[in-house]
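User: I am new to this structure and would like a close look at one part of it, the surface. Please take me through the nonpolar patch and then the salt bridges.

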Amino acid sequence: MKTFLYSIWNLYVDGFRNMTWGKPLWVLIFLKVVILFLVLRMFFFEPVLAGKSAEEKSEHVGKELMR
């Protein structure tokens, strides 16, 4: 089992080591995902607990859990 996992690991390591176009494409994919999550968080997920006291936060969470 150990040699099987080691051979799979070597396959991926050698594949990434020998890439020419793959590395810049993976960097672009990673940047796009990070930017996408940042934009979604800024515009669609508002911080509903910001600026509330501890009692108000617990009350809000309790109401949401009971839904």
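Analyst: What follows goes through the nonpolar patch and then the salt bridges, one pair at a time.

The model is a predicted one. On its surface there is a nonpolar patch of about 1,200 Å². Its members are Met1, Phe4, Leu5, Ile8, Leu11, Tyr12, Phe16, Trp26, Ile29, Val33 and Phe37. Two elements give two or more residues each to this patch: helix H1, which covers residues 2-17, and helix H2, which covers residues 22-44. Helix H1 supplies the largest share, with 6 residues.

Tyr12 can serve as an example from the patch. Tyr12 lies in helix H1. Its relative accessible area is 52%, and residues count as exposed over 50%, so Tyr12 is exposed.

The charged side chains are the next topic. The model has 3 salt bridges.

One of the salt bridges joins Asp14 to Arg17, with 3.0 Å between the closest N and O atoms. Both residues sit in helix H1, 3 residues apart, which means that about one helical turn separates Asp14 from Arg17. The partners differ in exposure class: Asp14 is partly exposed at 35% relative accessible area, while Arg17 is exposed at 54%. Helix H1 therefore holds this pair as well as 6 residues of the nonpolar patch.

Another salt bridge links Lys63 with Glu59, and here the closest N and O atoms are 3.6 Å apart. This pair belongs to helix H3, which spans residues 54-66. Lys63 and Glu59 are 4 residues apart in that helix, so the separation is about one helical turn. Lys63 is exposed, with a relative accessible area of 54%. Glu59, at 45% relative accessibility, is partly exposed.

There is also a salt bridge between the side chains of Arg67 and Glu64, at 3.6 Å from N to O. Arg67 has a relative accessible area of 78% and is exposed. Glu64, at 37%, falls in the partly exposed class.

Taken pair by pair, the exposure classes read as follows. Arg17 is exposed and its partner Asp14 is partly exposed. Lys63 is exposed and Glu59 is partly exposed. Arg67 is exposed and Glu64 is partly exposed.

Technical notes:
Residues are numbered from 1 along each chain as its sequence is written. This is a predicted model: local features need pLDDT of at least 70, side-chain atom pairs count only at pLDDT 80 or more; totals for chains, interfaces and linings use all residues. Side-chain values use heavy atoms; hydrogens and water are left out. Patches are made of residues with over 30% relative accessible area and no salt bridge: like charges are joined within 9 Å, nonpolar side chains (Val, Leu, Ile, Met, Phe, Trp, Tyr) within 5 Å. Accessible areas come from the Shrake-Rupley method with a 1.4 Å probe; for residues, only the protein chains shown count as cover. A salt bridge is a side-chain nitrogen of Lys or Arg within 4 Å of a carboxyl oxygen of Asp or Glu. Buried means under 20% relative accessible area, exposed over 50%, partly exposed in between (1.4 Å probe, protein chains only).
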